[in-house]
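Welcome! Below are some short exercises, each with a worked solution. Take a look at the model first, then try each task before reading on.

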Amino acid sequence: MLRRRSICSYMSSSVATAVGVKASYIIQSKLARFALLTSFISIGFVSPAIAGDQIAPDNTESDSVVDAALSDWDFTIGAGAGVGPDYEGSDDYDVGAMPILEASWRDDTFFISVDRGIGATLLRSEHFSGGISLNYDGGRDEDDNSALKGLGDVDDGLEGTAFAEIDLGMYALELDVTQDLSGEDKGLLASFSAEYRHSFFDERLWISAGPSVSWASEDYMQSYFGVNSKQASRSKYNQHDADAGFKDVGLNLNAIYSFDENWAMTGSLGYARLLGDAADSPFVESKNQFFSGLAITYHF
């Protein structure tokens, strides 16, 4: 159940991340951050192998040490495509590529992913899990859409997330709280979601659906939906002060079909309705945001 949920959650967040990001940027930024983060795993893999070689030159024993080290890891690779608005609030849509690369040690005790970043599950019980992660935030590029002309870029940077999940089998509740750590004053975003899931065809097909809601701090809202005096002077928009509050509510539908124990196809559909000062932003062209994605994954 955990792996099925992980992949579906990965797909949903990947498609949502694709909103406001051009296809080439999605590929470059996600692969770049994966290359950086996987260096940590490479060190972890190489060290046991070197230690094994030093202790026992015999190739068979060395191989067994490496095999034992790898046996606790699960890997998922794949590729897909997502469709979403050019930026949050846009009524122009774009297609983006979504590389899927993820490694998990002992059922997400430690994980590394192009989407979730690098993180660890620190608390775990039968129905509850919680942890932290570090990830890369791509910000927003003024060139993403002509409607953003004069607003400048929202700089990229590092963000930290604390997450918690209550898993009751067919039902699940999840809370993610993400804070900007790069000093760019992009603030905090808290997202809450609920999910119902059901299996078909002897558990080859899993479908999940549920609502979501997010709350954002004043810094976050001003960065992504506000217009300060300098931006107003450079753009066609009047000044807009965006205060802290609920940013959006949404609905998500995910499906994963397993062809065998390794290959699977994952799909995601989502809808979000901007709220409050986010919806009232002068460069928001549509309060209704839609996104979708489809991917093929291989798990080993």
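Helices (H or I, at least four residues) and strands (E, at least two) are DSSP runs, numbered from the N terminus. This is a predicted model, in which local features need pLDDT of at least 70 and side-chain atom pairs count only at pLDDT 80 or more, while totals for chains, interfaces and linings use all residues. Residues are numbered from 1 along each chain as its sequence is written, and side-chain values use heavy atoms, with hydrogens and water left out.

**Exercise 1. Describe the chain as a whole.**

Step 1: The secondary structure of the protein chain amounts to six helices and 12 strands.

Step 2: Of its 300 residues, 44% count as buried. Buried means under 20% relative accessible area, exposed means over 50%, and partly exposed lies in between (1.4 Å probe, protein chains only).

Step 3: Take contacts, meaning heavy atoms within 4.5 Å. Among those with a separation of 6 or more, 60% join residues 24 or more positions apart.

**Exercise 2. Find two residues with an unexpected backbone angle, and say where they lie.**

Step 1: Start with the background: most residues other than glycine have a negative phi.

Step 2: Glu 203 is not a glycine, yet its phi is positive, near 65°. Glu 203 sits in the loop between β8 and β9 and is partly exposed, at 40% relative accessible area.

Step 3: Arg 106, also not a glycine, has a positive phi of about 50°. Its place is the loop between β2 (93–105) and β3 (110–113), and with 46% relative accessibility Arg 106 counts as partly exposed.

**Exercise 3. Which residues of helix α4 are buried, and on which side do they lie?**

Step 1: Helix α4 spans residues 218–225, and its buried residues are Tyr 220, Met 221, Ser 223, Tyr 224 and Phe 225.

Step 2: These residues cover an arc of only 165° around the axis, so they lie on the same side of α4. The arc is that of the directions from the helix axis to the C-beta atoms.

Step 3: Now look for the cover. It includes the strands β5 (128–137), β8 (188–200), β9 (205–216), β10 (245–258) and β11 (263–274), together with the helix α6 (276–279).

**Exercise 4. Is Ser 281 buried or exposed, and what does it touch?**

Step 1: Ser 281 lies in the loop between α6 and β12 (288–299).

Step 2: With a relative accessible area of 3%, Ser 281 is buried.

Step 3: Leaving aside neighbours within four places in sequence, Ser 281 is in contact with Phe 225 and His 240.

Step 4: Tyr 224 is 57 residues away from Ser 281 along the chain, and their C-alpha atoms are separated by 9.3 Å.

**Exercise 5. Place Ala 194 and list its contacts.**

Step 1: Ala 194 belongs to strand β8 and is partly exposed, with a relative accessible area of 23%.

Step 2: Not counting residues up to four places away in sequence, Ala 194 touches Ala 172, Leu 173, Ala 209, Gly 210 and Pro 211.

Step 3: Between Ala 194 and Leu 251, 57 residues apart in sequence, the C-alpha to C-alpha distance is 9.6 Å.
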